[in-house]
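User: I'd like to go through the ligand site and the empty spaces of this model with you. Could you tie each label to the rule behind it?

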Amino acid sequence: MKFELLSLSICPYVQRSVITLKHKKVPFTFKDVDIMNPPEWFLKVSPLGKVPVLIVDEKTAIFESAVINEFLDEVTEPRLMATDPLQKAFERAWIEYASELLGQLYGVSVETDRAALAPLKTELFETLQKLEAVVKGPYFRGSTFSLVDTSFAPLFVRLEILGALWADSAWAQMPKVRKWAESLIAFPAVRDSVTATFKQDYLGYLKKNESAILAV
Ligand SMILES: N[C@@H](CCC(=O)N[C@@H](CS)C(=O)NCC(=O)O)C(=O)O
């Protein structure tokens, strides 16, 4: 099969699929999309106007990062999703939870008002804290890397870059989550999933937005 990923370099949802593809050493190509001025051809294949979209064999468009990842996992080795139905449902539920957290991180990262930032930050850490009872380490389910890891890794990569969040005292209450985050940041496919200028691009985007998190 031939895979093309419609992308945006700083998008965490795109990064989920890149991690999956890199970990599986599956060849693919990128096509960057100007998401602020989406071209007609893009809106035809992405009904919600969002990236990522995976174009398979130049004809079928799959959208939604969790769906793209499950599809990639079913057609390429090694399998990252559980096969037992109960474990699979459990892992899907936590992938959904990662999407909620990415939404919260987005809210924190684009907030321009410092006073409004505090409750958003508290909410983000309270959501993260709930993982402490679930994560086994060094990866989500224990010794094997899974699609749950690919879905959380983009969150941790961004938290590390946002120094104020990475140094927050809330981490003291969740040592397992912190160790898991560190394992994922160091994971080869995660390191390879961003461009050399990613940190600069991400911080540049937040600076242009006048994000309050940069001044904390
Ligand atoms: N639920 C989607 C979320 C994707 C998403 O929000 N992508 C952002 C970029 S990071 C986007 O394309 N936004 C454009 C828009 O909302 O118009 C997924 O998991 O793939």
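User: What makes the pair between V51 and the ligand a polar contact?

Analyst: Happy to start there, with the reminder that this is a predicted model. A backbone N or O atom of V51 lies 2.9 Å from a nitrogen atom of the ligand. The cut-off for a pair of N or O atoms is 3.5 Å, so this pair counts as a polar contact.

User: Which side chains have a polar atom paired with the ligand, E64 and S65 among them?

Analyst: Those two do. In E64, a side-chain N or O atom is 2.8 Å from a nitrogen atom of the ligand. In S65, a polar side-chain atom lies 2.6 Å from an oxygen atom of the ligand. The limit is 3.5 Å, so the E64 pair qualifies as a polar contact too. As for cover, the ligand taken alone exposes 510 Å², and the protein buries 70% of that.

User: Why is C11 counted as part of the ligand's surroundings?

Analyst: A residue is near the ligand if one of its heavy atoms lies within 4 Å, and C11 is on that list, so it belongs to the shell. The ligand is also surrounded by P12, Y13, I35, G49, K50, V51, P52, E64 and S65. By class, the shell divides into six nonpolar, two polar and two charged residues. Gly counts as polar by the rule used, so G49 goes with the polar ones.

User: What is the space taken by the ligand called?

Analyst: That space is the largest pocket, with a volume of about 860 Å³. The word "pocket" is used because the set of points is open, whereas a probe in a cavity cannot get out. Its lining has 29 residues, with L8, C11, P12, Y13 and Y106 nearest the centre. They divide into 18 nonpolar, six polar and five charged. Helix 4 (85–110) gives the largest share, seven residues.

User: How do you know how many cavities to count?

Analyst: Using a threshold of 30 Å³ or more, the count comes to one cavity. The largest cavity has a volume of about 50 Å³, and its lining includes R16, S65, N69, E70 and L147. Two or more lining residues come from each of helix 3 (65–75) and helix 6 (147–161), and helix 3 gives the largest share, four residues. By class, the lining holds three nonpolar, four polar and two charged residues.

User: Where does S65 appear in this picture?

Analyst: In two places: S65 is part of the shell around the ligand, and S65 also lines the largest cavity.

Technical notes
Residues are numbered from 1 along each chain as its sequence is written. This is a predicted model: local features need pLDDT of at least 70, side-chain atom pairs count only at pLDDT 80 or more; totals for chains, interfaces and linings use all residues. Side-chain values use heavy atoms; hydrogens and water are left out. A polar contact is a pair of N or O atoms within 3.5 Å; within protein, one must be able to donate a hydrogen and the other to accept it, and residues adjacent in sequence count only if both atoms are side-chain atoms. Accessible areas come from the Shrake-Rupley method with a 1.4 Å probe; for residues, only the protein chains shown count as cover. On a 1 Å grid over the protein atoms alone, a cavity is a set of points where a 1.4 Å probe fits but cannot get out, and a pocket is an open set with protein on both sides within 12 Å along at least five of seven lines; lining residues have an atom within 4 Å of a point. A molecule sits in a cavity or pocket if more than half of its atoms lie within 2 Å of its grid points. Grid points are joined across faces, edges and corners, and a volume is the space filled by probe spheres set on the points.
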